[in-house]
Amino acid sequence: MVATQSNQPLSSEPHTNRIGLTQADYKGAVSTLCDGCGHDAVTSQIIKAFYELGIEPHRVTKLSGIGCSSKTPAYFLGRAHGFNSVHGRMPSVATGVSMANQQLLQVGISGDGDTASIGLGQFCHIVRRNVPMIYIVENNGVYGLTKGQFSATADLGSKLKTGVVNDLPPIDLCGLAIELNCSFVARSFAGDPKQLVSLLKASASHKGTSVLDVISPCVTFNNHEGSTKSYKYAKDHEIPLHELSYVPFYEQITVDYEPGTVQDVEMHDGSHIMLKKLGLDYDPSNRINALMTLQKAHAEGQFLTGLLYIDESKPDFTTLMNLVDEPLAHLPEGVVRPPKAVLDEIMNSLM
Amino acid sequence: MKTLAQDSAQKVDKGRVINDFSIQVATVNGSGSQSSNSVLMRSIFQMGIPVSGKNLFPSNIAGLPTWFTIRINKDGWVARAEQVDILVAINPQTAHDDVKSLTAGAVCISPIDLKLDAVRSDITHYQVPFSELAAEATDQVKLRKLLTNMIYVGVIAELLGIDQNEIETSIRRQFEGKGKAIDLNLVAASKGQQWAKANLKKDDCFYVERMNKTSGKIIIDGNEAAALGCLFAGATVVCWYPITPSSSLCETLIEYLKKYRIDKKTGKATFAVVQAEDELAAIGMALGAGWAGARSFTSTSGPGISLMAEFTGYGYFTEIPTVIFDVQRVGPSTGLPTRTSQADLLSTYCLSHGDTKHIILLPGTVEECYSLAVQAFDLAERFQTPVFVLSDLDLGMNHWMADRLPYPDKPIDRGKVLTAQDLERLGKFERYHDVDGDGICYRTTPGTNHPLAAYFTRGSGHNEKAQYSERPEDYENLMKRLDRKYQTARKYVPKPELDIDRQARVGIIAYGSSHCAILESRSQLRNAKLPVSYLRIKALPFTEELRQFVERLDRIYVVEQNRDAQLRDLIRLELPEHAMKLQSICHFSGLPISARFVTDAILGEEG
């Protein structure tokens, strides 16, 4: 199973990346999640993506809310500052961090409980503001840490282990994000590491909020017959929209494709996402089509994965703030405290 | 009533009351009277006479009654005066009640068509044809209502003897840059003045006379003063959500930031402001920014404080600096959103679940809204914790005469932050290790380029290395150290202001906006041959001065503007051996406390 990957030796990987670090430098503490948890598989791909991209760990901040998924930032990038915040409020913390230091690359890990219920408001507003960050929802349709209650992303008619049937429609976080003009929206599956790692790398190149809704099965409470968030269900029903590959800005595009079979999306930093067409002719730059495709997939019970929507032109939050280049956190007193003459001028105006 | 009459008797000098009375203007919310009232207040201020202005307004945009009271006092007393001497009764909705509430001998200026002389005959009436005068001032019907406000300013100026040049200066200042408005208002004020001169016979005893008690002073409200504190504290990240009565703090700051904190060469901002989606997010953003090393803050009022409880506990437990302004209004719940209160003290002191104690600063003047705002940022970063500044609607939104605000005399204190060079030199870093024994640990900020720099901030139990821990001794050690840090804060927070009367056996303890009423009350008590000592608390945790003050006196009245004697109870917890010495005087009507209320309460006990 995929979930044991993080514990396997990675002997086939190159010894060091382009900044001279080993993959071990991108690891964190040992996971305390259940054996086989989808979240551990996502963690492994985060480690792989950041290692392969050669991102300096100290430039990264890891943030989360509360829940099983929110524990995972402790399990990767031990050399990056981490912030395990309160339930559903990770987006506001990330927004504050982005203002204080726009040079940091922020990775937020949340779950379906943390984002789709208590944190839905903050999720909407971080997307609306386009705060630069990778926002990963490890979506398993249940509350794991409180022992298996339905979450708001559970599909209509899906069954709990106890036999309880969900009679409320799910909140589709990708559909909601697109509706809110999110500039990067993808859905993936913890059991599809190849696609996931490409999407993670692409989201690291994106300047804005990248929402990655990753179906990440809960082996303890939601991996049974009747669940629509189980490994088996997802494997059987996954329909990739395209075959994804990511070419970082520091590498040449070497693969040749037949004309018309691949859509090349150039990212902010000069990297490329190559989307090889499969059965569906899907254009992720068409917002209305993206929404329609998702609606149709819901109606037909399909589990579509891939890059659902991308808009590289939408200005991000910190760019709109028109901040000085030096992070606000580091500005010296001489810059942030106006001189006495300014106070005198203000006082004169109040006399 | 007996005491009010006593106050009145002291004011009269050979049949004239000079520079010691109050004017109340009763109008309709949204009718534009605020500008006129500012002009009136400022004109008197410019004549060197101490003034204060209090706006009693409804939670409403337009249509409900509003009252603006200007107190003119030659001795500089600026607390709310209970007695109205001159009423301007423009609002027909309330005119009858307003007139009925006057004491005999008061003055009422009103539109002639309201026929208020039929309601009371024991007061002096000046009935003015406002509509006619407004029609003469402009042919634009829309503007007539607005101009009525400036006409009453002209009438009052003529009756009281306010210098016409000062009215003109104030109008030019009020409408700066709006030439048309200046012209129209000058005409309106002049219409009122000319009409009063030609038609009214002075039949009251109230006069203003030029003094020199306001030179070098400014007029400011506490929110603007606090905003200036944030500006000069070097705040860089502002996260707020609009709520009365705190909104103007951030709104004023934004104007100043745009003017003074844009890099001249690049045109780029040295600040970030975000209007959050709610208070839950505002405090989250402030903590995120504080964690990442910026000087951040948020500003709110009671309902916002309640919403911020969870994150505040997080900030306390994980030790993240930020500043939270609470411009208090009347609670609980929505309460009276446009009235003043000091009832958030206790809930803010231990805001959040679990054992929490916060550093709280308590400005008692607009000058302190500024200076304690500056200090709050230093304390937050020194102690790596959320620091509260509790002001209130009376301080925050009313107009106060003040000394010019002084430039900060200390450099900014960023607290114990380790750089990559520090880490290299030390060779070791544990986020929650109390290296110095003062309870304050060293921190790093994200982005610090050193393999030792990173740590994991978590609201769950953690050990000195910031690792997850449920071990009983780790939790106990952490909580004890947080308490040690709080004890250290006693030496850093602003000390109380003390005024000891050597003869006094009785004392007053107060804080915040009650200060002006206490000053005046002590003068009244002195006249009643009751000397009292005074200690004004400026911060929590308490400092040693409190104990010394309480020990030396027989009885202490703790005066505050809430129902439950919140400060008195906190002092009792601090000094249980003196609990019975501490009595309580509580004012909680939503109106600012008056000196007379305090004096009467103390004389009732001591007399």
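**Exercise 1. Find which residue of chain B forms a salt bridge with A:Glu345, and place that pair within the contact between the chains.**

*Solution.* Begin with the pair itself: the partner of A:Glu345 is B:Lys259, and their closest N and O atoms are 3.9 Å apart. Keep in mind that this is a predicted model. The cut-off for a salt bridge is 4 Å, so the pair at 3.9 Å is counted.

Next, widen the view. Between chain B and chain A there are five salt bridges, along with 27 residue pairs in polar contact, both residues being at pLDDT 80 or more. On the side of chain B that touches chain A, helix α10 (residues 279-291) gives the most, with seven residues.

Finally, take the contact as a whole. Chain B brings 73 residues to it and chain A brings 56 residues. The size of an interface is often stated as the accessible area lost when the parts come together. Here the area buried between chain B and chain A is about 5200 Å², with 63% of it given by carbon and sulfur atoms.

**Exercise 2. Work out which residues of helix α4 (residues 130-137) of chain B are buried, and how they are arranged around the axis.**

*Solution.* First, pick out the buried set: B:Phe130, B:Leu133, B:Ala134 and B:Ala137. These residues cover an arc of only 100° around the axis, which puts them on the same side of α4(B). The spacing fits a general rule: an α-helix has 3.6 residues a turn, so residues three or four places apart point the same way.

Then turn to the face directed away from the buried side, where you will find the exposed residues B:Ser131 and B:Glu132. To finish, ask what covers the buried residues: the cover includes the strands β7 (107-111) and β8 (124-128), together with the helices α5 (141-160) and α7 (179-199), of chain B.

**Exercise 3. Decide whether B:Glu520 and A:Ile47 are buried or exposed, and list their contacts beyond four places in sequence.**

*Solution.* Take B:Glu520, in helix α18 (residues 515-527) of chain B. Its relative accessibility is 6%, so B:Glu520 counts as buried. Beyond its sequence neighbours, B:Glu520 is in contact with B:Arg71, B:Trp77, B:Ala79 and B:Ala595.

Now move to A:Ile47, in helix α1 (residues 38-53) of chain A. At 7% relative accessibility, A:Ile47 is buried too. Its contacts, again leaving aside neighbours within four places, are A:Gln23, A:Tyr26, A:Lys27, A:Tyr75 and A:Phe76. With A:Phe76, the separation is 29 residues in sequence and 6.1 Å in space, C-alpha to C-alpha.

Notes: Residues are numbered from 1 along each chain as its sequence is written. Chains are lettered from A and ligands numbered from 1 in the order in which they are written. This is a predicted model: local features need pLDDT of at least 70, side-chain atom pairs count only at pLDDT 80 or more; totals for chains, interfaces and linings use all residues. Side-chain values use heavy atoms; hydrogens and water are left out. Buried means under 20% relative accessible area, exposed over 50%, partly exposed in between (1.4 Å probe, protein chains only). Helices (H or I, at least four residues) and strands (E, at least two) are DSSP runs, numbered from the N terminus. The arc is that of the directions from the helix axis to the C-beta atoms. Contact means heavy atoms within 4.5 Å. Buried area is the accessible area (1.4 Å probe) that two parts lose on being put together, summed over both. A salt bridge is a side-chain nitrogen of Lys or Arg within 4 Å of a carboxyl oxygen of Asp or Glu. A polar contact is a pair of N or O atoms within 3.5 Å; within protein, one must be able to donate a hydrogen and the other to accept it, and residues adjacent in sequence count only if both atoms are side-chain atoms.
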